Amino acid sequence: GLFLMSALSASTADPGFRLDGGLLVEVDPGLAGYDESRGRQSLLALMDRLRTVPGVDAVTIGSSLPFSSMGDSRRVAPSGAADAPSVDSVFSIVGRDYARVLGLPMFGGRDFTDAEVASISSEPVAIIDDALAEGLWPGEDALGRLIHFLDAEESEVGKSFRVVGIVPAVKHSFGNAQPFPHVYIPLGQH
């Protein structure tokens with residue numbers, strides 16, 4: 001009975017993002033023997049092809065979705081301030097239109113460009129949610145500010161990421177009533 005009541009409650013809860021009208025497909029180019037570079041190119045080509053299918057409104061890629069069992073986290077801090085607060089955040093590698101696919105409006109700034117998604121040559125950028133923005137800069141505008149990861153992986157060490165967009169916070173699990181802060185990095189920069 002308790003399980004059934006929990007399942008019913010979860011089915012009517014508002015996760016903060018859109019669930020209807022989408023198709024989720026898991027693709028792993030590594031299973032076809034592709035190295036990282038070729039796998040990345042095949043994923044970008046697949047997204048480009050899917051965007052041309054009649055009736056498809058938006059296509060994106062993501063390393064994890066809210067409520068998925070897979071996930072990564074990073075401790076995020078403002079760059080250049082030794083005594084600044086840091087915030088634990090869900091870390092996702094995403095493509096262009098990630099927020100749009102989930103039905104999330106941009107509170108400020110912009111989405112990632114195709115160049116940022118395809119290549120590591122551009123300035124490192126990030127989109128953060130309003131929960132992370134409030135945690136790092138309470139009552140201030142986060143757009144244009146720089147962040148870095150305190151528990152960075154090798155590809156992130158020494159990098160500062162410019163905040164180019166702000167989206168609403170989403171829940172990461174039904175067990176937590178408050179949305180958990182999120183940081184999104186474009187595929188080409190990880």
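**Exercise 1. Burial in a salt bridge of helix α2**

Determine whether R40 is buried or exposed in this predicted model, and identify the residue with which R40 forms a salt bridge.

*Solution.*

Step 1. The relative accessibility of R40 is 15%. Residues count as buried under 20%, so R40 is buried.

Step 2. The salt-bridge partner of R40 is E36, and their closest N and O atoms lie 3.0 Å apart.

Step 3. E36 has a relative accessible area of 61%. The cut-off for an exposed residue is over 50%, and E36 is therefore exposed.

Step 4. Both residues belong to helix α2, where 4 residues, about one turn of the helix, separate them. The salt bridge thus joins a buried R40 to an exposed E36.

**Exercise 2. Further salt bridges**

State how many salt bridges the structure holds, and describe those formed by R74 with D72 and by R96 with D114.

*Solution.*

Step 1. The total is 11 salt bridges.

Step 2. Between the side chains of R74 and D72, the N to O distance is 2.8 Å. R74 is buried, at 2% relative accessibility, whereas D72 is partly exposed, at 33%.

Step 3. Between the side chains of R96 and D114, the N to O distance is 2.5 Å. R96 is located in the loop between β2 and α3, and D114 in helix α4, so this pair ties together parts that are 18 residues apart in sequence.

Step 4. R96 is partly exposed, with a relative accessibility of 23%. D114 is also partly exposed, with 48%.

Step 5. R96 and D114 belong to a network of salt bridges that also includes D57, D97 and R100.

**Exercise 3. Two residues distant in sequence**

Compare the positions and burial of I120 and Q189, and establish how far apart they are in sequence and in space.

*Solution.*

Step 1. I120 lies in the loop that connects α4 (114–118) and β4 (125–129). Q189 belongs to the segment after β7 (182–186).

Step 2. In sequence, I120 and Q189 are 69 residues apart, yet their C-alpha atoms are 4.6 Å apart in space.

Step 3. I120 is exposed, since its relative accessibility is 63%. Q189 is buried, since its relative accessibility is 2%.

Step 4. Neighbours up to four places away in sequence are set aside here. I120 then touches G188 and Q189. Q189 touches E116, S119, I120, S122, E123, P124, V125, K159 and F161.

Step 5. One of these partners also has a polar link: the side chain of Q189 reaches the backbone nitrogen of V125 at 2.7 Å.

**Exercise 4. The nonpolar core and a nonpolar surface patch**

Describe the largest nonpolar core, and name the residues that make a nonpolar patch on the surface.

*Solution.*

Step 1. In soluble globular proteins, nonpolar side chains tend to be buried together.

Step 2. The largest nonpolar core comprises 37 residues, and F112, I128, I147, V183 and Y184 touch the most other members. At least two residues of this core come from each of α2, β2 (87–94), α3 (98–101), β4, α5 (130–136), β5 (146–149), β6 (161–167) and β7. The largest share, 5 residues, is supplied by β6.

Step 3. Beyond its neighbours within four places in sequence, F112 has contacts that include V94, V125, I127, V164, Y184 and I185.

Step 4. On the surface, V25, V27, L46, L50, V53 and V56 make a nonpolar patch of about 440 Å². V27 stands in the loop between α1 (2–12) and α2 (36–51), and V27 is partly exposed because its relative accessible area is 45%.

**Exercise 5. The protein as a whole**

Give the number of helices and strands, their order, and the share of residues that are buried.

*Solution.*

Step 1. The protein contains 5 helices and 7 strands. Their order from the N terminus is α-α-β-β-α-β-α-β-α-β-β-β.

Step 2. Of the 190 residues, 34% are buried.

Step 3. The exposed area is about 10700 Å², and carbon and sulfur atoms contribute 57% of it.

Step 4. Consider the contacts between residues at least 6 apart in sequence: 71% of these join residues at least 24 apart.

How values were computed: Residues are numbered from 1 along each chain as its sequence is written. This is a predicted model: local features need pLDDT of at least 70, side-chain atom pairs count only at pLDDT 80 or more; totals for chains, interfaces and linings use all residues. Side-chain values use heavy atoms; hydrogens and water are left out. Buried means under 20% relative accessible area, exposed over 50%, partly exposed in between (1.4 Å probe, protein chains only). Contact means heavy atoms within 4.5 Å. A polar contact is a pair of N or O atoms within 3.5 Å; within protein, one must be able to donate a hydrogen and the other to accept it, and residues adjacent in sequence count only if both atoms are side-chain atoms. Patches are made of residues with over 30% relative accessible area and no salt bridge: like charges are joined within 9 Å, nonpolar side chains (Val, Leu, Ile, Met, Phe, Trp, Tyr) within 5 Å. Accessible areas come from the Shrake-Rupley method with a 1.4 Å probe; for residues, only the protein chains shown count as cover. A salt bridge is a side-chain nitrogen of Lys or Arg within 4 Å of a carboxyl oxygen of Asp or Glu. A nonpolar core is a set of buried Ala, Val, Leu, Ile, Met, Phe, Trp, Tyr and Cys residues joined through side-chain atoms within 4.5 Å.
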